[in-house]
Amino acid sequence: MQSVWTEKYRPSTFEQVKGQKRILERIQAMVNQKNLQNMLFCGPAGVGKSTLAVVIARELFGENWKFNFHELNASDARGIDVVRNDIKQFARTKAIGTELPKIIFLDECDALTKEAQQALRRTMENYSKTVRFVLSCNFFSKILDPIKSRCTIFKFKPLEKEDVEKVVFNLAEKEGLNVSKETIDALYDVCEGDARRIVNILQSCAMMDKNISTEHVFEFMAMAKPEEIKSFLIKAINKDFINAKKEMQKVMIQHSLSGMDLIKQIQKEIWSLEIDDNLKIKLIDKCGEIEFRMVEGSDEFIQLEALLANFANAHVD
Ligand SMILES: Nc1ncnc2c1ncn2[C@@H]1O[C@H](COP(=O)(O)OP(=O)(O)O)[C@@H](O)[C@H]1O
Ligand SMILES: [Mg+2]
């Protein structure tokens, strides 16, 4: 069976982690001094949070890292008590081959209720001598202050384009892929710095063809190419309503897009149209309204046509 690339190519050293420069510097300093605090990793998906937790353990514990590192999902459906028990079991024994505290990585902490977070805070205090916690979340605001104040906070960012490039080039080299600059642009456009998504798309595309094309990327994502969206929007702005409508329907059918899929792409493309900024804002606002109507169950073709009509009536006042 073929292995999953996000695991196969998960960085295992600091050098292999791309981007997150400031965070890497601070964490490397902590690791060098062997002075580990509790940490809170915060940021969007696929930017290296879980990866860095493992790298820290590898760097600190060397070959014994697996004995001294434990990964748990805080949102475990079986509840916080199961999570706490699990922590207790792991914390009970001394670390192997080191005098340092062990590490528990607790993912998805923002899925915990207030009460569960209180329980977690007490657990962190109870094991403060033997365990360091690395907590991970998507939304900083969902974490209680008493937890934040017990952690060193690291805010992760989506990868920048040059870092995405590095990730892609590395994969291309190891897997013998042919990826053009244009395709990397498309990947970055679609995934916006989520490296996990990028690696997954590349693996899926590579199953069809080692020459990764922009078409494959959009096909796989069930997305239209930005130019296709732009083309019918421009027709609508130029009041060529009939052709704009025809083209829009063709794009939907060709890429099997739902109304919701399409509206998200239209919204994104509005920013790159060469029209007045005030008008962009109006149209974005309209997209929001139409998206809402679709959610409420209104016919999506009628709604999309209404949106196109808005483009056709567009004038700057
Ligand atoms: N900063 C990064 N540098 C290189 N690869 C990365 C980076 N962030 C994520 N990846 C890729 O995406 C995969 C998932 O990353 P992960 O650390 O699990 O993301 P999350 O932030 O959601 O915990 C990794 O195995 C790796 O292939
Ligand atoms: Mg993760």
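User: Before we look at helices, what angles count as roughly perpendicular here?
Analyst: Angles of 65 to 115 degrees between helix axes count as roughly perpendicular, while those over 145 count as roughly antiparallel. Please keep in mind throughout that this is a predicted model.

User: OK, so how do α10 and α11 pack?
Analyst: Helix α10, residues 195-208, packs against helix α11, residues 214-221, at an angle of about 115°, and their axes are 10 Å apart. The two are therefore roughly perpendicular to each other, and α10 passes α11 in a right-handed crossing.

User: Which residues make that contact?
Analyst: From α10 come Ile201, Ser204, Cys205 and Met208, and from α11 come His216, Val217, Phe220 and Met221. By class, the contact of α10 with α11 consists of 6 nonpolar and 2 polar residues, with no charged ones.

User: Switching to the ligand, what sits closest to ligand 1?
Analyst: The closest residues are Gly48, Lys49, Ser50, Thr51 and Ala195, out of 20 that surround ligand 1. The elements that contribute two or more residues to this shell are α3, which spans 49-61, and α10.

User: Which domains does the shell draw on, and what classes of residue does it have?
Analyst: Domain 1 (20-155) and domain 2 (161-221) each supply at least three residues to the shell around ligand 1. Its make-up by class is 9 nonpolar, 7 polar and 4 charged residues.

User: Now further along the chain, at what angle do α14 and α15 cross?
Analyst: Helix α14, residues 259-270, and helix α15, residues 277-295, cross at roughly 170°, with axes that come within 10 Å. Since angles over 145 degrees count as roughly antiparallel, that makes α14 roughly antiparallel to α15.

User: And who's in that contact?
Analyst: On the α14 side there are Gly259, Met260, Ile263, Ile266, Gln267 and Ile270, and on the α15 side Lys280, Leu283, Ile284, Cys287, Ile290, Glu291 and Met294. These residues divide into 9 nonpolar, 2 polar and 2 charged.

User: What about α15 and α16, how are they arranged?
Analyst: Helix α16, residues 300-312, packs with α15 at an angle of about 170°, again with the axes 10 Å apart, and α15 and α16 are therefore roughly antiparallel to each other.

User: Which residues does each one bring?
Analyst: In this contact α15 uses Leu283, Lys286, Cys287, Ile290, Arg293 and Met294, whereas α16 uses Glu300, Gln303, Ala306, Leu307, Asn310 and Phe311. The contact of α15 with α16 has 7 nonpolar, 2 polar and 3 charged residues.

Conventions
Residues numbered from 1 in each chain as written. Chains lettered and ligands numbered in written order. Predicted model: local features only at pLDDT ≥ 70, side-chain atom pairs only at ≥ 80, totals over all residues. Axes fitted to C-alpha atoms, helices over the stretch in contact; angles between N-to-C directions. Helix = DSSP H or I, 4+ residues; strand = E, 2+ residues; numbered from the N terminus. Parallel < 35°, antiparallel > 145°, perpendicular 65-115°, else oblique. Left-handed = near helix turned anticlockwise from the far one by under 90°. Contact = placed C-beta atoms within 7 Å. Nonpolar A, V, L, I, M, F, W, Y, C, P; charged D, E, K, R; others polar. Near = placed C-beta within 6 Å. Domains from an automatic or database assignment.
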